[in-house]
Structures are given as structure tokens and as C-alpha cells.
Amino acid sequence: MHGMDQTVKTAGSALRARSPMGILASNSMLFLPSILYLVAFAIYPLFYSARLSMTRLESAAGAPIWVGFRNYQDLMVDPQFWNAAMNSLLFVSATVFLQVLLGVGLALFFNLQLRGSWLVRSILILPMLITPIVVGVMWRALLNPDWGLVNWMIESIGFTPPNWLGSVRMGIVTLIMVEVWQWTPFVFVVVFARLQALPTDFYDAAEIDGASRLNIFRFLTLPLLMPAIAFATVFRAVDSFRSFDLVYGLTYGGPARATTTLSFFAFQHGFQFQNYGYAAAASYVMLLILVVGTTLMFRYANLRPEHLR
């Protein structure tokens, strides 16, 4: 009799486990580690930094003083903040334009399937596999005015090399060049993959109709590539806007703040000047710009599904 009661209890437990509430409870336990991770490393820091941006905290050991929106008001009249914002705008605009232009051009060239192109493609994608901070330090050595390899090569052919990192005008140009060198392969990979997946039926029909190569590219290839180009443009714009590693390793914001971007501006005020509230406010302004900019880019790039537009 006792064994029968135990069997009934076991069966009842199994039925409860298979009930909707039991299944929901079991599934919730599976998501629990992810939820805890999200709360600890995303949600809590987000709210903590929002509160920090409304305080004055000038030492890690000090007590925060509530100032409300004073940090944001100070940012709006800070010429250094606007200088960093203009540098970021120039950096993002120039790098994304050049990366898309060169990436699409390289994808079209390698789509010709020339002999040995697979080897060149493999070498071409190597820069984007290197950590940005390493890229910055590497190019800082290559562009050294005393013993840098690049200057030595320019001088060996009879030209005078520019002051890559010491000139206000050349500083931002150098930063843009190195960023383009590292991340053009990303655009190339995205567009080249799309090219390889294009249907050949359209091209066969266009050739039968006597369309020229220019018209085929303009009215057939380019429209079919636009989703890939739009995705690469949005992704690279967001990544370039928050770029910090390259600036830190290559120019450290100089000379004369000519390469100080918003990310580096927030870093300096937080970790160098120990003005944590001001740095948090700058970071939230960056977040706002990213949210608005990304929303607009996705809206006009038509990357969302048709039923969501």
C-alpha cells in the first residue's frame, strides 16, 4: 500500500512538471543565468552611470554630490566637448565614406575571379583581425619621424615625408588613413559575400537584351548590393563613432586635441582628470547620439523588414 502511494505521488509530480506552469518554471530556470548576467553587466551599470552623470564626483574615494543636470549644461558650453564632437563627425564621415568606396571597389574587382585572387583576398582581410590598440601602436612605430619605416621609404625615393603625428592638420588625416586601412576589409567581405550570392539569371537576361556593362552595374548590380552596402555602412558608422583604442594607441588625442574624439574625451575626464560625473554625462550624450543616429540610418537605409517600415 505504501509503495502504491509513492507511485501515485511520483506520477502526480510528473504531471505537474508537464503542466504549463511547470514548463514555464523549468524554462525560466534555463534563462536565469543569462538574466543575472544581463542585470549585473548591462542594466545595473546603465542605471548607475545615469545616476553618476547627475553628480559631482572628482575622486574615487570621495562622496558624490548631487548636481542634477549641471554636468549636461556644462557640456553644452564646453568648447573642448564641441571640438571632440566635430572631430568625431569628421572621423566617422571620412572613414565610412572611404571604407565603403574602397570596399565595394575591391569586391567588384575580386569578383572577376582572376588567377591567384584567393591568396590576395586572404592577405587583404588580415588587418581587421588585429586588435585596434595593437594597430595604433604598430602604426605609431611605422610613422615615427626618426626611425619609422614609412618615412624611410618616402625619403629613399627622394620625397620629404609629412609630419604624420606631430601636425594638427595631418594628425586627423593619419587617424583616418589607419582606420580605413584596418576596416575596409570588413566592407569588402560583406559586399563580396553578397556578390557571390547574386542570381545569374538576371545577368543572362541583361546580356541577351544587349545591356552595356555600365548599365548592368547601374541598374542591376548596384541595387542588388544596396542591402549589403547599407548594413556595412551602418555597422561601420556606429563602430567608428565609438572608436577609442586606435586613438589611444596612435595619437592619444593629440596634437593639440586635433584627434580627440568623444570617446577619448570621456576617457580623459573619467580616468585622467578623475571627473567621473562629467565623464558619465559625456558618455550619455554619446549614447543619445548613437541611438538617434542609428535609428535614422536604419530608417533611411531600409534595412528593416517590409512589414515593420
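## Second largest pocket

The lining of the second largest pocket divides into 14 nonpolar residues, four polar and no charged. The model behind this description is predicted. About 460 Å³ of space lies in this second largest pocket. Its lining counts 18 residues. Nearest the centre are A266, A279, A280, S283 and Y284.

Which elements give two or more residues to this lining? They are α2 (20-52), α12 (262-272) and α13 (276-301). Helix α13 gives the most, with eight residues.

## Helix α12

Helix α12 is one of the elements behind that lining. Is α12 mostly covered or mostly open? It is mostly covered, with nine of its eleven residues buried. The buried set runs L262, S263, F264, F265, A266, F267, Q268, H269 and G270. A266 thus appears twice in this report: it is a buried residue of α12, and it is among the residues nearest the centre of the second largest pocket.

Just after α12 comes Q274. Its phi is positive, at about 55 degrees.

## The loop before α12

The loop between α11 (245-250) and α12 holds P255. Is the peptide bond from G254 to P255 cis or trans? It is cis, with omega near -5 degrees.

A256 is found in the loop between α11 and α12 too. This residue is not a glycine, yet its phi is positive, at about 55 degrees. Its relative accessibility is 70%. Exposed means over 50%, so A256 counts as exposed.

## Largest pocket

The largest pocket holds about 560 Å³ of space. It is lined by 17 residues. The closest to its centre are N111, Y203, R213, I216 and T221. Two or more lining residues come from each of α8, α9 (201-208) and α10 (213-241). The largest share, four residues, comes from α10.

How does this lining divide by residue class? Nine of its residues are nonpolar, five polar and three charged. For the second largest pocket, the split is 14 nonpolar, four polar and no charged.

## Packing of α4 on α8

Helix α8 (residues 168-196) also packs with helix α4 (residues 79-110). The angle between them is about 40 degrees. Their axes lie 6 Å apart. Why are the two helices called oblique? An angle of about 40 degrees is not under 35 degrees, the cut-off for roughly parallel, and it is outside the 65 to 115 range for roughly perpendicular. The helices α4 and α8 are therefore oblique to each other.

The crossing of α4 past α8 is right-handed. Residues of this contact divide into 21 nonpolar, five polar and one charged.

## The loop after α4

Q113 sits in the loop between α4 and α5 (117-124). What is its phi? The value is near 60 degrees, which is positive in a residue other than glycine. The relative accessible area of Q113 is 46%. That is under the 50% cut-off for exposed and not under the 20% cut-off for buried, so Q113 is partly exposed.

Q113 and A256 can be read side by side. Q113 is partly exposed, whereas A256 counts as exposed. Phi is near 60 degrees for Q113 and about 55 degrees for A256.

Key:
Residues are numbered from 1 along each chain as its sequence is written. This is a predicted model: local features need pLDDT of at least 70, side-chain atom pairs count only at pLDDT 80 or more; totals for chains, interfaces and linings use all residues. Side-chain values use heavy atoms; hydrogens and water are left out. Axes are lines fitted to C-alpha atoms, for helices over the stretch in contact, and angles run from 0 to 180 degrees between N-to-C directions. Angles under 35 degrees count as roughly parallel, over 145 as roughly antiparallel, 65 to 115 as roughly perpendicular and the rest as oblique. A crossing is left-handed if the near helix is turned anticlockwise from the far one by less than a right angle, and right-handed if clockwise. Ala, Val, Leu, Ile, Met, Phe, Trp, Tyr, Cys and Pro count as nonpolar, Asp, Glu, Lys and Arg as charged, and the others, Gly among them, as polar. On a 1 Å grid over the protein atoms alone, a cavity is a set of points where a 1.4 Å probe fits but cannot get out, and a pocket is an open set with protein on both sides within 12 Å along at least five of seven lines; lining residues have an atom within 4 Å of a point. Grid points are joined across faces, edges and corners, and a volume is the space filled by probe spheres set on the points. Buried means under 20% relative accessible area, exposed over 50%, partly exposed in between (1.4 Å probe, protein chains only).
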